[in-house]
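Biologist: Could you walk me through reading a protein surface and a sheet? I would like the general idea and then the case at hand.

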Amino acid sequence: MAPSKPRVRFAPSPTGYLHIGGARTALFNYLYAKRYGGTFILRMEDTDQERSTPESVQAILDGLDWLGLDWDEGPGKEDPKYGPYFQTQRLDTYRRHAELLISQGKAFRCYCTREEITQRREAVEKAKGPGSYKYEGTCHDLKAPPPGKKLEDAVIRFRMPSGEGTVSFNDKVLGTITKPYSDLDDWVMMRADGIPLYNYGCVIDDHLMDITLVSRGQEHINSTFPQLMLYQALGWTPPDFAHLPLILGPDREKLSKRKHPEADVMLHKRTGIMPEALLNFVIRLGWSHGNDEVISREQMVEWFDFDGVGSTSGVWNPEKLQWLNQQWFKLLPPAVVAERLVPFLEARGFQAKGDARLEPLVLALRERSRTLEEMANTASIYFKSGVTLDEKAAAKHLGGDSLNLLRQAREKLAALPAWTVEPLDGVVKTVSEAAQVGMGKVAQPIRVAITGNTTSPGIGETLLLVGREEALKRIDAALARGT
RNA sequence: GUCCCCGUCGUCUAGAGGCCCAGGACGCUGGCCUUUCAAGCCGGUAACACGGGUUCGAAUCCCGUCGGGGACACCA
């Protein structure tokens, strides 16, 4: 059903970090391209001179890189046929097409100043009449600059066809959407300085780059109509469109950089969410495949299509994100998780790289942690020297009889030929059986002594992770403290 | 204000006229397991916005109401 070789794109404007909505748009486009053997293009819409920065370009590249969303064409992967993928490097092209449209009477130069337009708009809005402001057509039929104005002062406006008419398109997720000409007006395509505006540059590029399907957020639905008018004026066949449902913040408003810190993709990297989990979470916001929840990259590629995309906006759900992260802890090879954990450990001042305990540590903690940050936090007691005892825990488990049991366990532990899980756990068993008490009576004092607290992985595992020397040292400290 | 989109458990969703007095997942919660905490397993909680139609039959189709969101720039 899909075009045999779709060409899709992700076209962010580099005005800040890569945000979640953008990441999901990129994901969907990426998956669609992969699924149908097409091409995924990255195009930088850097025409906003005030806000675009090289740092933002880098931030977006870094974000996509972290998520593993690699592009086939774009910055660093130029294709000679399509030219540069930064809009500011394509200015000639926009100018050329604008001149063509002017010569055909499909666009015109407008000399109204920004101030004048703003004034008129405000007047209309104040009047509280029905409808919103529409350009009055002041410069519609000018053949030359009016007195006191120069050709270079003019912006270029699109000329809406006169008369009745409607524009419509069949959206791949929303179905047919129609709008009457009367809702549209002569919009600005290009500023006097030759910088194209979104609706203009976007169309020119999408067509010239042979884009077959434009998938973007639903906030762009209304801009599709003027864009369609442009395709028509240029005599070009428009691509297909697929408008994605929005992602909402906890306040149920569109997830935005301004109001929602969680909109920053890299924030999640910093808090220890893994890309597999973030992608998994984000794809389930607005797309589903039956009852599947935990979905791998391979399955996404195999299953994704726009017919699975829903039309209702989804609310950001941090609990589910964390749950998914834990699922991925358990799905990924321990070595991979360990590698990702290292920077978090190092940030806490531990020399973790190359430590042989890393993988056992992941194995022990992945069922008890939802983020790498959390894992690193609970891991810190295995890297520190010595331990601070929790008062309540010590009071409960390091008194009288418990101390005796701990002493017995300490002797057996010290005598062990091999410091591995089974014999370690065996000590708890032997000591408790000999003393005719439950295993908890023996395990808890040990646990408190070596971790300072009442909760940890299994005693054998914990002893192993702390290490023979350090464990005995901590037990001795606890023993000494009790006497 | 105008235009556009949307409306199934608190949240993400399955559902494309009878399989649904609505299924899964997160969360919350009861139990089991158990040397602690988790994890796991078993169970519970909770929804078709409302009102009219159409139909033998509607969460599914139509209309209206209400509610939510988005867009209305020489930003993208």
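Modeller: We will look at the surface near the RNA and then at one sheet. Keep in mind that this is a predicted model.

Biologist: How many residues surround RNA strand B, and which are the closest?

Modeller: A residue counts as near the strand if one of its heavy atoms lies within 4 Å of it. Here 63 residues surround RNA strand B, with D48, R252, E367, R368 and S456 the closest. Of the strand's atoms that come within 4 Å of the protein, 74% belong to sugar and phosphate.

Biologist: How do the residues of that surface divide into nonpolar, polar and charged?

Modeller: There are 17 nonpolar, 25 polar and 21 charged residues. Elements that each supply at least two of the surface's residues include helix 4 (114-127) and helix 17 (439-451).

Biologist: Which atoms of RNA strand B lie 2.6 Å from R114 and 2.8 Å from E293?

Modeller: For a polar side-chain atom of R114, the partner is a sugar or linking oxygen. For one of E293, the partner is a base nitrogen. Q444 also has a polar side-chain atom 3.4 Å from a sugar or linking oxygen of the RNA.

Biologist: Now the sheet: what is the strand order, and which pairing does it have?

Modeller: In general, strands of a sheet pair through backbone hydrogen bonds, in parallel or antiparallel fashion. This open sheet has 3 strands in the order 3-4-7, paired antiparallel. Strand 3 (107-110) and strand 7 (188-190) are at the edges with a single partner strand each, so one side of each has no neighbour in the sheet. The twist from one strand to the next averages 45 degrees.

Biologist: How many bridges join strand 3 to strand 4?

Modeller: They are joined by 4 bridges, and R109 has I156 in strand 4 as its bridge partner.

Key
Residues numbered from 1 in each chain as written. Chains lettered and ligands numbered in written order. Predicted model: local features only at pLDDT ≥ 70, side-chain atom pairs only at ≥ 80, totals over all residues. Heavy atoms only, no water. Polar contact = N/O pair within 3.5 Å; in protein donor to acceptor, adjacent residues only side chain to side chain. Nonpolar A, V, L, I, M, F, W, Y, C, P; charged D, E, K, R; others polar. Pairing = 2+ DSSP bridges. Axes fitted to C-alpha atoms, helices over the stretch in contact; angles between N-to-C directions.
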